[in-house]
Amino acid sequence: LFEGKKNPEDLGADTVDFPKRTTPAKGYELLFQPEVVRIYISLLKESKTPTILEAAAGAVQNLCAGRWTYGRCIRAALRQEKGLSAIADLLTTDSERVVKAASGALRNLAVDLRNKELIGKHAIPNLVKNLPGGQQTPAKNLSEDTVVSILNTINEVIVDNLEAAKKLRETQGIEKLVLINKSGNRSEREVRAAALVLQTVWGYKELRKPLEKEGWKKSDFQVNLSNASRPQGGNSFDDSTL
């Protein structure tokens, strides 16, 4: 970020100002030049091959991790070139690896406040559909790592985003989260990640009365590790990049 200037991501700016180069990009720098970013976006929109979609979403996820200048530019470029909806659509594919990569990309893209708002409107329903439980047929049987990734993405999107939290409630997300928290057949990592989302939802005072009218109690929004199954392995945290 440039000193003395406000962070454009905090203002929801719709301009993409990639740093001007005085020398040609070389080596790893080629991976995050504007023309290459447009190739990633094109692949996300046009490809039907799961391995290519996974790789393109993974590249976006990695490049959008952290608050570095090119990450900020790429987050804005994805929004401007309608790449957010393409990534949200990947959440409906049958390939779990593509779903996980798309989830990770959306999580890092949501650092941008305008992106967060759009992802909250358009991707929350697809994220919720990938969670275990509910009435869907056939139910998706995703791995612990993928479920945790989706939960962490949902939390990233609804933090400081009341409208996204409302969308989560409207799409039966609360039922699925409470089920993960209390069912007794999910891992500790999944329970912790679901509890974090539930705590974020309960933190919105505007939602408490509507939730209570639907029969939910404060205790439903607190962590319940006593019912968690034994960990299935893996780290106790989610890497922000692939």
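Helices here are DSSP runs of at least four residues, and strands are runs of at least two, both numbered from the N terminus. Counted in this way, the protein chain, which is a predicted model, holds 13 helices and zero strands. Followed along the sequence, the pattern is therefore one α after another, α-α-α-α-α-α-α-α-α-α-α-α-α. The chain has 242 residues, and 45% of them count as buried, where buried means under 20% relative accessible area, exposed means over 50%, and partly exposed covers what lies in between.

A good place to begin is helix H3, which covers residues 50-63. This helix has 14 residues, and at 1.5 Å a residue they should span 20 Å, a value that agrees with the 20 Å between the end C-alpha atoms. The buried residues of H3 are Leu53, Ala56, Ala57, Gly58, Ala59, Val60, Gln61 and Leu63. Ile52 belongs to this helix too, but with a relative accessibility of 34% this residue counts as partly exposed. Together with Ile39 and Leu43, Ile52 forms a nonpolar patch on the surface, and the three residues share about 230 Å² of accessible area.

Further along the sequence, an unreviewed UniProt entry places the feature "repeat: ARM" at residues 82-119. In the model, this stretch is 76% helix and 0% strand, and the C-alpha atoms at its two ends are 12 Å apart.

Glu117 lies in helix H7, which runs over residues 113-122, and the residue is partly exposed, since its relative accessible area is 34%. The side chain of Glu117 is joined to that of Arg114 by a polar contact of 2.8 Å. Glu117 also has a neighbour from another part of the sequence to consider, as Leu162 is 45 residues away along the chain while the C-alpha atoms of the two residues are separated by 9.5 Å.

The next stop is Ser143, found in the loop between helix H8 (124-129) and helix H9 (144-158). Is this residue buried, partly exposed or exposed? Its relative accessibility is 32%, so Ser143 counts as partly exposed. The side chain of Ser143 takes part in a polar contact of 2.7 Å with the side chain of Glu96, and in another polar contact, of 3.2 Å, with the side chain of Thr146. The C-alpha atoms of Ser143 and Arg97 are 10.0 Å apart in space, although 46 residues separate the two in sequence. Glu144, by contrast with the loop position of Ser143, has its place in helix H9. Glu144 counts as buried because its relative accessibility is 6%, and its side chain is joined to the side chain of Arg189 by a polar contact of 3.4 Å.

Charged side chains can now be followed through the chain. A salt bridge is taken to be a side-chain nitrogen of Lys or Arg within 4 Å of a carboxyl oxygen of Asp or Glu, and by this rule the count comes to eleven. Which parts of the chain does the bridge between Glu163 and Lys166 involve? Both residues lie in helix H10 (residues 162-170), where they are three residues apart, about one turn of the helix. Their side chains meet with an N to O distance of 3.5 Å. Glu163 is exposed at 52% relative accessibility, whereas Lys166, with a relative accessible area of 28%, is partly exposed.

The salt bridge between Asp220 and Lys182 has its closest N and O atoms 2.6 Å apart. This pair links distant parts of the chain, for Asp220 is in the segment after helix H13 (205-213) and Lys182 is in helix H11 (residues 173-182), with their positions 38 residues apart. The two partners also fall into separate accessibility classes: Asp220 is buried, with a relative accessible area of 5%, and Lys182 is partly exposed, with 31%.

Arg186 and Glu190 form another salt bridge, in which the closest N and O atoms are 3.0 Å apart, and both of these residues are buried. Finally, salt bridges that share partners join Arg114, Glu117 and Lys121 into one network, which brings the reader back to Glu117 in helix H7.

Technical notes
Residues numbered from 1 in each chain as written. Predicted model: local features only at pLDDT ≥ 70, side-chain atom pairs only at ≥ 80, totals over all residues. Heavy atoms only, no water. Patch = residues over 30% accessible without salt bridge, like charges linked within 9 Å, V, L, I, M, F, W, Y side chains within 5 Å. Areas by Shrake-Rupley, 256 points an atom, 1.4 Å probe, with all protein chains shown as cover. Buried < 20%, exposed > 50% of the residue type's maximum accessible area, 1.4 Å probe, protein only. UniProt positions renumbered as here; feature names shortened; annotations may be inferred. Polar contact = N/O pair within 3.5 Å; in protein donor to acceptor, adjacent residues only side chain to side chain. Expected span 1.5 Å × (residues − 1).
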